[in-house]
Amino acid sequence: MNGRILIVEDDISFGTMLQKWFEKNGFSAKWCVGMLSAQESLSDSTYDVILSDLRLPDGDGIMLLSWMNERQLSVPVIIMTGYGEIQTAVSAIKSGAFDFLEKPINPSILAQKIEAAFADRQEKKENKKKEKKRSMVEGCSPLSTRMYSFINTVAPTSMAVMIIGESGTGKEHAARMIHERSPRADGPFIAVDCGSLSIELAPSELFGHKKGSFTSAIEDKTGFFAEANGGTLFLDEVGNLPYGVQMQLLRALQEKKIRPVGATTDLDVDVRIVTATNEDLEKAIAAGNFREDLFHRLNEFIIEVPPLRSCKDDIPLYAEHFVTEANAELDKKIKFISGKVLSRLENYSWPGNLRELRNIIRRSVLFSTGDTITLESLPFLSEKHVESDKEVDVSLNVSPEEEKEKILRALEKTKGNKSRAAVLLRIDRKTLYNKIRKYGIGKLPYLPDTRQ
């Protein structure tokens, strides 16, 4: 077992002893003598476990926990307490500490608790990965497949990626996929809406500030760059970034250093930059609103997220995914989307893209009274964006011979996409797979690609 340990202990001899013990046992250990120095270390670097004394000269372990909770730093903290401080240790556990150790420290007990903390952190990482994997759905249309291929190509690199596409197409989703498929997947993913950053506050929000550096700076602030250290910083709608801040951003990217407002020294940062825009930045450059040197630094690799109207083969798959989300959110039990609704969705041009589809599905789930989304529960779709429906009734409730024929028709209609065919047939994918095996449909040589 190895990893990075942060020791917070004001007793010099004891802190030195702990640091040497960890290093002797294969860990990388940093030792801080107080809460403020620990906060600086946590802002600059990432750690696997924190071992902190309860009583510190400038605060205590519970204050450090509160500070971490505010910044959503999910690192296991083991609090060291003196004799007779069990009640306080219990309070620390309630505040989010992983465990506590009573002084004097027994090395074997210390090793056990450190090992348990590492195991807990690893389990949470795995669960987080599984949860993120479950929450991501991929389209299978040609343009979507091309986009995922580009994502898989660039994700393992350290290149800066610029994602372009219309509003609502899922650019942040693409950025998260890049992060999740990169070597930084265990690090933080910090998303920033550049349109919400004013020219006055943008430097503080991005790079942090020191207490007293301006009127409202009543305490030290960790900026987005420091929060993303070791991970990915996603700058959404980067074209809206104030021009005066663009030079500071360029410097941070080139030198991999930031300087908080009011600070006198730089901080090293290790951040992968992914940006997104629905604006033509080359026109913004020509108009003098965006720096050309920053543009070239940010677009080392460009990925275009296609509009939904160009990926209509994906609509049933996305709709099914949004139904699952809405069921969980609204405590509903919708199982099917009627063929007529699916046809209406496929023949709509989706000016609001995936965001609009998600909203439509959520409202449809809310207003549906049975287990099926029907036209009666479908919100109004502007007629100017709807083509004529070409619905074919392929739902199941027939004899085995007719059932097999309708499954073949659904697979033909969806070009072999099983997820879409299941939606058409008003059954779940597992049931469709069972029926395909039952009828030996997958063995037929003339079937189109039946992946998915």
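Mentor: Let's start with a term you will need: a crossing of two helices is left-handed if the near helix is turned anticlockwise from the far one by less than a right angle, and right-handed if it is turned clockwise. Keep in mind that the model here is predicted.

Trainee: Thanks! Which hand does the crossing of α13 and α15 have?

Mentor: The crossing of α13 and α15 is right-handed. Helix α15 covers residues 353–367, and the two helices pack with their axes 9 Å apart, at an angle of about 50 degrees. Angles from 35 to 65 degrees fall into the oblique class, so α13 is oblique to α15.

Trainee: What span should the 16 residues of α13 have, and what is the distance between its end C-alpha atoms?

Mentor: The general idea is to multiply 1.5 Å by one less than the number of residues. For α13, residues 315–330, this gives an expected 22 Å, and the end C-alpha atoms lie 21 Å apart, which agrees. Just past this helix, Asp331 has a positive phi of about 55 degrees.

Trainee: Which residues of α13 are buried?

Mentor: Buried means a relative accessible area under 20%. Among the buried residues of α13 are Ile315, Leu317, Tyr318, Phe322 and Val323, and the list also includes Glu320 and His321. Across the protein chain, buried residues make up 48% of the 452 residues.

Trainee: Where does Trp350 lie, and what is its phi?

Mentor: Trp350 lies in the loop between α14 and α15. Its phi is positive, about 50 degrees, although Trp350 is not a glycine. With a relative accessible area of 0%, Trp350 counts as buried. Pro351 is in the loop between α14 and α15 too, but at 42% Pro351 is partly exposed.

Trainee: Is Glu237 buried or exposed?

Mentor: Glu237 is buried, since its relative accessible area is 15%. You will find Glu237 in the loop between β10 and α10, with a positive phi near 50 degrees. For another backbone feature, look at the peptide bond from Lys103 to Pro104, which is cis, with omega near 0 degrees. Pro104 sits in the loop between β7 and α5.

Trainee: Let's turn to aromatic rings. How many aromatic pairs are there?

Mentor: A pair of aromatic rings is described by the distance of the centres and the angle of the planes. Ring centres must lie within 6.5 Å, and planes over 60 degrees apart count as edge-to-face. By this rule there are seven aromatic pairs. In one of them, the rings of Phe22 and Phe27 have centres 5.5 Å apart and planes at 90 degrees, so that pair is edge-to-face. Phe22 and Phe27 are both buried, and ring pairs join them with Trp21 and Phe118 in a cluster.

Trainee: How does the pair of Phe150 and Phe301 look?

Mentor: Phe150 and Phe301 are also edge-to-face, 6.2 Å from centre to centre with 80 degrees between the planes. This pair links distant parts of the chain: Phe150 is in helix α6 and Phe301 in strand β14, 151 residues apart. Phe150 is partly exposed, because its relative accessibility is 28%.

Trainee: Which charged end sits over the ring of Tyr47?

Mentor: That is Arg4, whose charged end is 4.8 Å from the ring centre of Tyr47.

Trainee: And how many helices and strands does the protein chain have?

Mentor: The protein chain has 18 helices and 16 strands, and its C-alpha atoms fill a box of roughly 80 × 60 × 40 Å along the principal axes.

Note on methods:
Residues are numbered from 1 along each chain as its sequence is written. This is a predicted model: local features need pLDDT of at least 70, side-chain atom pairs count only at pLDDT 80 or more; totals for chains, interfaces and linings use all residues. Side-chain values use heavy atoms; hydrogens and water are left out. Rings of Phe, Tyr and Trp (its six-membered ring) pair if their centres lie within 6.5 Å; planes under 30 degrees apart count as stacked, over 60 as edge-to-face and the rest as tilted. Buried means under 20% relative accessible area, exposed over 50%, partly exposed in between (1.4 Å probe, protein chains only). Helices (H or I, at least four residues) and strands (E, at least two) are DSSP runs, numbered from the N terminus. A charge sits over a ring if NZ of Lys or CZ of Arg is within 6 Å of the ring centre and within 35 degrees of the ring normal. Axes are lines fitted to C-alpha atoms, for helices over the stretch in contact, and angles run from 0 to 180 degrees between N-to-C directions. Angles under 35 degrees count as roughly parallel, over 145 as roughly antiparallel, 65 to 115 as roughly perpendicular and the rest as oblique.
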